[in-house]
Amino acid sequence: MRSPRSWFPVLGWCAATLTSVALASVAMLPVLRTATSDESALVSVEQLRDSEQGPPTTPPIPSSSPLPIDPASPAASKSPDPARSPSHSKSATPPRTPATPPPTQTPTTTTTTEDGWTVSTDGDGNRSYLRSFRVEGGQTVIRAADGVIKLVTATPSDGYSVATVQNSPDNLAVYFNEVNHSFIIHVVWQAGKPFAEIDEIGS
């Protein structure tokens, strides 16, 4: 059995070893703190194994060129024409119904007979005169209104000729003539209406 004095050298060596280990740990603290502050710098055991087998394969960089478009795909279809889109179409305008004009009232015309003249009076009270004259030398129709005498027709009989004389709008004479023989129809406007006179000259 060893004596207690034989353990002193062993204990001294252990104390010196522990002291050196503690000093080394204190010296390594800044390095360990710097290394552990960046978690991205940590390397796993699997990565260390892979690094021994060879450098990692760099993944392919995607190309920036556009992919070809399949003509049958919906993306290859033509874009809608803006001119044909509903937003650009003209709104349907209903046709306008033309306004129906109010019915015009036709003036009522009355017809009477006065001194052989056919008198027509319209709704405004205007009067017109019409008369047919027949003599041996021929036939004539005369119209009179508003102080004006007008010849409508004059047809001579066989062997007669016709002539008219009108010196003023309110004075008309119609002659049916043969040799040395004449029929005269004379119409004048007086007192707001026509007056007629028939004369025969010669034989």
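## Aromatic cluster and ring pairs

In this predicted model, ring pairs join Trp117, Tyr129, Phe133 and Trp189 into a cluster. The structure as a whole holds four aromatic pairs. One of them is formed by Tyr129 and Trp189, whose ring centres lie 5.9 Å apart with the planes at 75°, and because planes over 60 degrees apart count as edge-to-face, the pair is given that description. This contact links distant parts of the chain, since Tyr129 belongs to strand S3 (residues 127-135) and Trp189 to strand S8 (residues 181-190), with the two positions 60 residues apart in sequence. Tyr129 has a relative accessibility of 4% and therefore counts as buried, and Trp189, with a relative accessible area of 18%, is buried too, because the cut-off for that term is under 20%.

A further pair is made by Tyr160 and Phe183, whose ring centres are 6.1 Å apart and whose planes stand at 50°, so this pair is tilted. Tyr160 sits in the loop between strand S5 (148-156) and strand S6 (161-168), whereas Phe183 lies in strand S8, so the pair ties together parts of the chain that are 23 residues apart in sequence. Both Tyr160 and Phe183 are buried.

## The five-stranded sheet

Strands of a sheet pair through backbone hydrogen bonds, in either a parallel or an antiparallel way. Here, an open sheet is built from five strands in the order S1-S2-S3-S4-S5, and the pairing is antiparallel. Its edge strands are S1 (110-114) and S5, each of which pairs on one side only. From one strand to the next, the twist averages 20°.

Strand S3, which carries Tyr129 of the edge-to-face pair, is a member of this sheet. Between strand S4 (residues 138-145) and strand S5, which run antiparallel, there are eight bridges. As an example of the residue-level pairing, Gln139 has Thr155 in S5 as its bridge partner.

## A buried residue in strand S7

Outside the aromatic pairs described above, Phe176 can be followed as a single position, and it is found in strand S7, which covers residues 171-178. The relative accessibility of Phe176 is 0%, and because buried means under 20%, Phe176 counts as buried. Phe176 and Ser157 are 19 residues apart in sequence, while the distance between them in space, taken from C-alpha to C-alpha, is 8.3 Å.

Notes
Residues are numbered from 1 along each chain as its sequence is written. This is a predicted model: local features need pLDDT of at least 70, side-chain atom pairs count only at pLDDT 80 or more; totals for chains, interfaces and linings use all residues. Side-chain values use heavy atoms; hydrogens and water are left out. Helices (H or I, at least four residues) and strands (E, at least two) are DSSP runs, numbered from the N terminus. Buried means under 20% relative accessible area, exposed over 50%, partly exposed in between (1.4 Å probe, protein chains only). Rings of Phe, Tyr and Trp (its six-membered ring) pair if their centres lie within 6.5 Å; planes under 30 degrees apart count as stacked, over 60 as edge-to-face and the rest as tilted. Two strands pair if DSSP finds at least two bridges between them. Axes are lines fitted to C-alpha atoms, for helices over the stretch in contact, and angles run from 0 to 180 degrees between N-to-C directions.
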